[in-house]
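Subject: the structure I promised you

Hi,

Here is the structure we talked about, with my notes underneath. Have a look around it yourself before you read on.

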Amino acid sequence: MYDMKDIVVNFFEERFGTFMEGAVCFAPGRVNLIGEHIDYNGGHVFPCALSMGTYAAARKRNDRKLMFCSANYPELGIVEGSLDELGYDPEEGWTVYPKGVMHELIRRGYEIPCGLEMMFYGNLPQGAGLSSSASIEVLTGTFLNELFGFGLSPEEIASIGQAAENDYVGVKCGIMDQFASAMGRKDHAILLNTSSMEHSYVPIAMEGYKIVIIDSNVPHKLSDSQYNERRSECARGLEMLRQASDIKAICDLDSVEFEKYKGVIDDPVVLRRVRHAVYENERTLDAAALLSAGDITGFGRLMNESHISLRDDYEVTGPELDVLAEEAWKIKGCIGSRMTGAGFGGSTVSIVAEDALDDFEDEVGAAYRRRTGLMADFYMADIGDGARVL
Ligand code: GLA
């Protein structure tokens, strides 16, 4: 079997010469099983790290130059920068992610004493909403930590990645993606309380079933203003709710309390956003309990409800993801299907009986083509460990 470490080192050597005294690291992408758009509302999320993600080989230089290269974009060649010029440039491509992490580390008082040569290589489908950018952030934190001995924990690396995304790149994402990438565990989902950061691992014991990811091939652009718009709608909702109840985050309310206090929200759009957050948080807790108890069918039912709430109340699914979910629901043997990640394009996640996998791919793929004119890509999700030095 080919070894990804050798592959990324080879890519490095083609561009930069002999690889010595460097670090080779990996950070995965993620798929969220349930708990969508509530990691910035103090809710619970339930993601898993994938075995696919981003690899890097990095080596120190004697000067302060930064040399970025991605084997996924060979046409870009080496993108040069400097530790002394880490200002944000909106015209810049993917290097905003590693640069944002460096910028954040320095802001937190860590010294990056010298420049670097860095080769990146990712095997996540691009723009599929499987957190390739979070994987690059966590990866950068991981190799800098290794090369410069910062002593950062995986949780700190996740938080640095989120801060880079929020303050440098300007996407006001929650902590879920970076946390899953840094803290994932093979064959487990992480139940994370984003308000306290308490978390536990739930085994993905799905005898006879597989987790299938379908990439809609509608490019999902997280930086689209819609994501930040949802965040500000929720912030307005929280402000209104505070007139009725002394809460810190929307998901501090359970559905009974929400139904009691919802009258203070005088904007119908905001009301729908808040309703999604409150019920999605409850669904996530219920879903994790059902999975722990081996009730996969119950789990699947909640996935479907999650999609409907994201479609009708949160309005982040879009026509293509709705077609994928609807067609998946029709297949006997598919016990749950929903959009995953930020939405507005990207992917769905489904739980499908092993003996129905072929029909699932044929029928959902054909219906999607017929109804949207687009081709979908199917991936069997393999749940892996979090970021690591190879
Ligand atoms: C994106 C963000 C996450 C989370 C999801 C929606 O993936 O990066 O923080 O908000 O969308 O659940």
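Let's start with charge: the chain carries 36 positive side chains and 62 negative ones. If you take the centre of each set, the two centres lie 2 Å apart. Keep in mind that this is a predicted model, so please treat everything below as computed from it.

Next, the surface. The accessible surface of the chain adds up to about 15,900 Å², and carbon and sulfur atoms account for 47% of that. As for what is hidden, 58% of the 390 residues are buried, meaning they have under 20% relative accessible area.

Now the overall shape. Measuring along the principal axes, the C-alpha trace spans about 60 × 50 × 40 Å. How does the radius of gyration agree with that of a compact globule? For 390 residues such a globule would come out near 21 Å, and the chain has 21 Å, so the two agree.

On to how the chain is built. You can count 11 helices and 13 strands in it. Looking at contacts with a separation of 6 or more, 73% are between residues 24 or more positions apart.

Finally, the domains. The assignment gives two pieces: domain 1 covers 4-202 and domain 2 covers 204-380. Their C-alpha centres lie 26 Å apart. Where they meet, 36 residues of domain 1 are in contact with 44 residues of domain 2. Try colouring the two domains separately when you open the file.

Cheers

Methods:
Residues numbered from 1 in each chain as written. Predicted model: local features only at pLDDT ≥ 70, side-chain atom pairs only at ≥ 80, totals over all residues. Heavy atoms only, no water. Helix = DSSP H or I, 4+ residues; strand = E, 2+ residues; numbered from the N terminus. Rg over C-alpha atoms; globule rule 2.2 N^0.38 Å. Buried < 20%, exposed > 50% of the residue type's maximum accessible area, 1.4 Å probe, protein only. Contact = heavy atoms within 4.5 Å. Areas by Shrake-Rupley, 256 points an atom, 1.4 Å probe, with all protein chains shown as cover. Lys, Arg positive; Asp, Glu negative; His and termini not counted. Charge placed at Lys NZ, Arg CZ, Asp CG, Glu CD. Domains from an automatic or database assignment.
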